[in-house]
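Trainee: Before I plan anything at the bench, could you take me through this structure one question at a time?

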Amino acid sequence: MSRVCALLKGTVHPRYESCQITTKSLFLVRFSLFIKNFSSSLSILRRRREKMKKTMGFFTVTTVLIIISTLAVQVRSDGSDHRYKARDTVPLYANKVGPFHNPSETYRFFDLPFCSPSHVTEKKEALGEVLNGDRLVSAPYKLDFLVEKESEVVCKKKLTKEEVIQFRNAVTKDYYFQMYYDDLPIWGFIGKVEKDSKSDPSEFKYYLYKHINFEILYNKDRVIEINVRTDPNALVDLTEDKPVDAEFMYTVKWKETATPFDKRMDKYSQSSSLPHHLEIHWFSIINSCVTVLLLTGFLATILMRVLKNDFVKYAHDEEAADDQEETGWKYIHGDVFRYPKGKSLFAAALGSGTQLFALTIFIFILALVGVFYPYNRGALFTALVVIYALTSGIAGYTATSFYCQLEGTNWVRNLLLTGCLFCGPLFLTFCFLNTVAIAYSATAALPFGTIVVIVLIWTLVTSPLLVLGGIAGKNSKSEFQAPVRTTKYPREIPPLPWYRSTIPQMAMAGFLPFSAIYIELYYIFASVWGHRIYTIYSILFIVFIILLIVTAFITVALTYFQLAAEDHEWWWRSILCGGSTGLFIYGYCLYYYYARSDMSGFMQTSFFFGYMACICYGFFLMLGTIGFRASLLFVRHIYRSIKCE
């Protein structure tokens, strides 16, 4: 009764100044308390529901946008249904020319003084096609459906001295041309060099091909295949610096085939699936699997045995005298979950790495369902730009939520750092390389309109989703789950031998994952920086899974050895060790450039090392995130399994 009386006296109403407890007043008090508690519970539930709606709504919108972009990512170069009648015009576009050994150094087709039509029509291209360096224009040849031609003259032209020198320089650098006929690619060299066992370049003979033979295979009303070859006897001598008369011609032959239309792209993917190539790919898989089995088996055996001994030892120590000094990883239980230095940068690295991991998974999904079939021009670049923009919310949510778990206060600055951590170096690299491409007048230089489109995507899609993800992460209010308490002052780390320092540990951590993927790296490099076609995405996905497993296991093992040596600063070390494979991949770039390729020139060199630096940096962030997440799970598990005061 006294509690009720005190409650009544604490009210502001004057009728309760003198406390007289009756059954009616007691009922009123209890009823008012019930209403108060019920309303507060409703308000708490309402706030939680609103937060969940925001979070779930954000991820729902992101998922829907990714699905829509996935369905719309396929790019076609022409809007026709690829069905033609006799004498119908079949679209033929000239794309680009460039040195065969420098795939990034390409120029517009009519930058060389070929016969050009009276009116050159430029084809409208998608974003991915422009990023790929494609610049399609109407070709000077007419290849109407089922219309054969014999030595048709395109034009008669007198090449000036300057044009002869221009063509000769192109022939010297092994220039090739590329065209597209009904979405089917065509290649051919523009000329040849006759050396005749002579070592002096001044005695070489330079010739330009002037007659092209087109052989086209069809099935009913569809184009199935096209082959092009140059007439070795129809040549223009470019050896001397003097004007030359040239008559450019072409021949068209049609042949019927039984190959169905849906199999016409198989020809371009056969090079990746030849028996000896498949044998090498599977050898790479077996090598990687053996590495994974040995590594995981070794680490599992060692760690399980060592941890079991540790658990038995620590349990025995608890029963022994209290003044016995603890040693090993239990000794630093009060420091192992101490937040790392530079936690804003740390959270930003986790957010960017998680976004790149999600981007990689979505790209693999598209590849495995067949979106990136051979010469679906620009599909990969379109997918990369769109999916990266749509997954920026994942980076914002991961970085901000983890930053708040680490008791960070300036989450806005953390969000800005997350948005710039990967995009900043990529943007600076792009600005430099695009300037180089503009100086070379190469097709790799993006037009102003394309740059505006990319800026708009970043402004209207990437940034808002990043902010929404950050707000959702801030409102998640999740706490960092540490199984043991952290002491007020950190312990001093004992002096360690040199091989336990950061750089030797990174070297050990990066070598094993790299050894599991280096065979497959050659085929990827030959596809990205060469003219090979890579289509065995299932094998590539298996190699990627192996890479993740090896990275996680080796990082966990090194984290345990670091904690056993009473070094509690494992947070940044786990990211650096997990991401060190990216440094090994960049080291492989040096080997590939000088030993396995014939690339040359400032533009090609800068493009290769510039963009590969960005790719390897992305691998560093992604694999560093994988390494930290695996180490965090491991550390939480072992400290949850022991009793710490």
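The exchange below concerns a predicted model, and it goes from the protein as a whole to its cysteines and then to its sheets.

Trainee: How many helices and strands does the secondary structure of the protein come to?

Mentor: We should keep in mind that the model is predicted. Of the 645 residues in the protein, 47% count as buried, and among contacts between residues at least 6 apart in sequence, 78% join residues at least 24 apart. The secondary structure comes to 16 helices and 12 strands.

Trainee: Which cysteines form a disulfide?

Mentor: A disulfide is counted where two cysteine sulfur atoms lie within 2.5 Å, and a search of the whole structure finds one. The two sulfur atoms of that link are 1.5 Å apart, and the residues that carry them are both buried. The pair is cysteine 115 and cysteine 155.

Trainee: How many residues apart in sequence are the parts that this pair ties together?

Mentor: Cysteine 115 lies in the loop between strand E2 (107-108) and helix H3 (127-131), whereas cysteine 155 belongs to strand E4 (residues 149-159). The link between cysteine 115 and cysteine 155 is left-handed, with -50 degrees about the S-S bond. Because of where the two cysteines lie, the pair ties together parts whose separation in sequence is 40 residues.

Trainee: Why does cysteine 589 form no bond with cysteine 616?

Mentor: Cysteine 589 counts as buried, at 0% relative accessibility. A disulfide requires sulfur atoms within 2.5 Å, and the closest cysteine sulfur to that of cysteine 589 is in cysteine 616. The two sulfurs are too far apart for a bond, at 4.5 Å.

Trainee: Is cysteine 404 buried or partly exposed?

Mentor: Buried means under 20% relative accessible area, exposed means over 50%, and partly exposed lies in between. Cysteine 404 has a relative accessible area of 26%, so it is partly exposed.

Trainee: Which are the edge strands of the open sheet of four strands?

Mentor: This sheet has mixed pairing and the order E4-E12-E9-E10, and its twist averages 20 degrees from one strand to the next. An edge strand pairs on one side only, and here that holds for E4 and strand E10 (222-230).

Trainee: In E12, which residue is the bridge partner of leucine 217?

Mentor: Strand E9 (residues 211-219) and strand E12 (residues 244-256) run parallel and are joined by eight bridges. In E12, the partner of leucine 217 is lysine 255.

Trainee: What is the order of the open sheet of three strands?

Mentor: The pairing in this sheet is antiparallel, and the twist averages 30 degrees from one strand to the next. Strand E7 (191-194) and strand E11 (235-237) are the edge strands, each pairing on one side only. The order is E7-E8-E11.

Trainee: In E11, which residue is the bridge partner of leucine 208?

Mentor: Strand E8 (residues 205-209) runs antiparallel to E11, and three bridges join them. In E11, the partner of leucine 208 is valine 236.

Trainee: At about what angle does H4 run to E8?

Mentor: Helix H4 (residues 161-172) lies across E4 and E12, where it runs at about 120 degrees to E4. H4 also lies across E7 and E8, and its angle to E8 is about 100 degrees.

Methods
Residues are numbered from 1 along each chain as its sequence is written. This is a predicted model: local features need pLDDT of at least 70, side-chain atom pairs count only at pLDDT 80 or more; totals for chains, interfaces and linings use all residues. Side-chain values use heavy atoms; hydrogens and water are left out. Buried means under 20% relative accessible area, exposed over 50%, partly exposed in between (1.4 Å probe, protein chains only). Contact means heavy atoms within 4.5 Å. Two strands pair if DSSP finds at least two bridges between them. Axes are lines fitted to C-alpha atoms, for helices over the stretch in contact, and angles run from 0 to 180 degrees between N-to-C directions.
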